[in-house]
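Please find below some comments on the side-chain interactions in this model, set out as numbered points. They take charged pairs, then aromatic rings, then a single threonine.

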Amino acid sequence: MPAAEPEITPRYQINEMPPLGEAVLLGIQHVLVMMASNVTIPVILATAIGATTGETAFLVQVALLVAGLTTLMQTIGIGPIGSRLPIVQGTSFGFLVVAIPLAESYGIAAVFGGAIFAGVVQVILGMSLRWLKALFPPLVSGIVVLVIGIGLLPTGMVLYAGGSGSPTFGSWTDLGLASLVLLVMLLFYRFGRGIIGAASVLFALIVGYLAAIPLGRVDFSAVGDAPWFAIPVPLKFGLDFPAAALIGMGAMAIATAVETIGDLSAITKSGAGRDVTDKELSGGVMADGVATAFASLFSALPNTSFGQNVGLVAFTGVMSRHVVSIGAGFLILLGLLPKFAAVIAVMPSAVIGGAAVVMFGMLIGAGIKLLAETALDRHDMLVIAVSIGVGQGFAAIPESVELFPHTAKVLLTSGIVPAAALAVLMNLTRPTPARGGHLDVDVPITEKSDPLWDDGTRRPPS
């Protein structure tokens, strides 16, 4: 008889509010963990299209403001929209691979027009998830979550080594800062009590940030240039709807919806020890779509659930959605006070990387936990092998799909889409014992088939 699965007891339940001082620190911790990704993506887009310094600053500002507003949409909810889970929304990396060529070919307005359509696609998917959930049993959800974690690990290690494009990438200083953050975080988590243990990531990031200043790794010039207060203007870059934008952004909406399904499954399983409900799943994906469309109206890039914050919940055991709502409040404040946002935005990549590798690794752990719920048979093992092998294979070697059309290349190299599609398809077409399928791996051979005599003829059953 298999051993009973250990019960996961969160530090704080989903609807539980920690003491205010503790909740504020835990909320700030969520902001710091997601800051690097949320700020980096608009900067990458702005650099690729040759945006001015003012335009770049505006894109960063609206990214923070919209992330805060859309996070509240997830944690508090509006009617059927929102998961009511501690999900942090932020600028999506996935859409970036489509946004850059669209902006270069049609202008940045096409990116925001296509994103509105992408949001509609996600809302439709969210409304259909009550019956689509059957396609995502623990086996398939576990594979999706596992692929998300595996796919994010390279990003975490790039940050750990100093950040993409850094002239000091891989230097002893950057690696030392990241290792310091990692060590302090583990020590605080292991030996800290109460808020010290729960906010171990926050304290480790602060230690790393302070250590980076005398080492010359923090450039405060951007802080001096940033204004104290600014209200973003909606539709600053306008909207455009070329067919290429609708197709490309719409296709990425499917990939993002699958990723959100994985994040929702991971946060309930790793944080609360239970499966995600139909209502949470549907509301979470619809909120993703509404957030993406809403972001476009403020000239912000599409939003999605952030995997590193899911990993943070798994690491700390703080499932309170109110904590994340407080973090969302800080994001909104930073979006209105650019100078304060700049103080956080200049945090060295290596400092973020020291925590990011653990957060992304926690997603892998959550995926393994989901897979462990299934008594894996031969076919299940084949599903895992094919979906992860092919999905992550395309993501690791994007040159292998160079002959495919652009939209297909984007989907195939996402890692998540091919892995999820293969997992769903193979799970639905599994052989059954009645059709001669071999579904058992734990039954001894002597019980599965009759032994043979020495001459090769079958011995009659006893």
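1. With which residue does Asp-275 form a salt bridge, and how far apart are the closest N and O atoms? The partner is Lys-269, and the closest N and O atoms of this pair are 3.3 Å apart. Please keep in mind while reading that the model is predicted. The two ends of the bridge differ in their surroundings, because the relative accessible area is 42% for Asp-275, which counts as partly exposed, while Lys-269, with 4%, is buried.

2. On the total, the count of salt bridges comes to 5. One of them joins Asp-174 to Arg-217, with 3.0 Å between the closest N and O atoms. Asp-174 belongs to helix α6 (residues 172–191), whereas Arg-217 is in the loop between α8 (200–212) and α9 (221–225), so this bridge ties together parts that lie 43 residues apart in sequence. As for accessibility, Asp-174 is buried, at 3% relative accessibility, and Arg-217, with a relative accessible area of 23%, is partly exposed; since the limit for buried is under 20%, the label for Arg-217 should be read together with its value of 23%.

3. A further salt bridge is formed by Arg-430 and Asp-377, whose closest N and O atoms are 3.6 Å apart. This pair links distant parts of the chain, 53 residues apart, with Arg-430 in the loop between α18 (416–428) and α19 (445–448) and Asp-377 in the loop between α15 (349–371) and α16 (378–396). Asp-377 counts as buried, its relative accessible area being 10%. It would be incomplete to describe the pair in isolation, because salt bridges link Asp-377, Asp-380 and Arg-430 in a network.

4. Turning to the rings, how many aromatic pairs does the structure hold? There are 4 aromatic pairs. Among them is the pair of Phe-58 and Phe-237, which is edge-to-face, with 6.0 Å from centre to centre and 70° between the planes. These two rings come from distant parts of the chain, 179 residues apart, Phe-58 being in helix α2 (residues 53–75) and Phe-237 in the loop between α9 and α10 (243–272). Phe-58 is buried, at 9% relative accessibility.

5. Another pair is made by Phe-188 and Phe-203, where the ring centres are 5.9 Å apart and the planes stand at 50°, so the arrangement is classed as tilted. Here too the pair links distant parts of the chain, with Phe-188 in helix α6 and Phe-203 in helix α8, 15 residues apart. Phe-188 has a relative accessible area of 29% and is therefore partly exposed.

6. Phe-58 deserves a second mention, for Phe-58, Phe-112 and Phe-237 form one aromatic cluster. The ring of Phe-58 also has the charged end of Lys-236 sitting over it, 5.2 Å from the ring centre.

7. Finally, is Thr-292 buried or exposed? Thr-292, a residue of helix α11 (residues 278–297), counts as buried, with 0% relative accessibility. A polar atom of the Thr-292 side chain lies 3.0 Å from the backbone oxygen of Asn-303. When neighbours within four places in sequence are left aside, Thr-292 is in contact with Ala-115, Ala-118, Gly-119 and Gln-122, and also with Pro-302 and Asn-303. Asn-303 thus appears both in the list of contacts and as the residue whose backbone oxygen lies 3.0 Å from the polar side-chain atom of Thr-292.

Technical notes: Residues numbered from 1 in each chain as written. Predicted model: local features only at pLDDT ≥ 70, side-chain atom pairs only at ≥ 80, totals over all residues. Heavy atoms only, no water. Salt bridge = Lys/Arg side-chain N within 4 Å of Asp/Glu carboxyl O. Helix = DSSP H or I, 4+ residues; strand = E, 2+ residues; numbered from the N terminus. Buried < 20%, exposed > 50% of the residue type's maximum accessible area, 1.4 Å probe, protein only. Phe/Tyr/Trp six-rings, centres within 6.5 Å; stacked < 30°, edge-to-face > 60°. Lys NZ or Arg CZ within 6 Å of the ring centre and 35° of its normal. Polar contact = N/O pair within 3.5 Å; in protein donor to acceptor, adjacent residues only side chain to side chain. Contact = heavy atoms within 4.5 Å.
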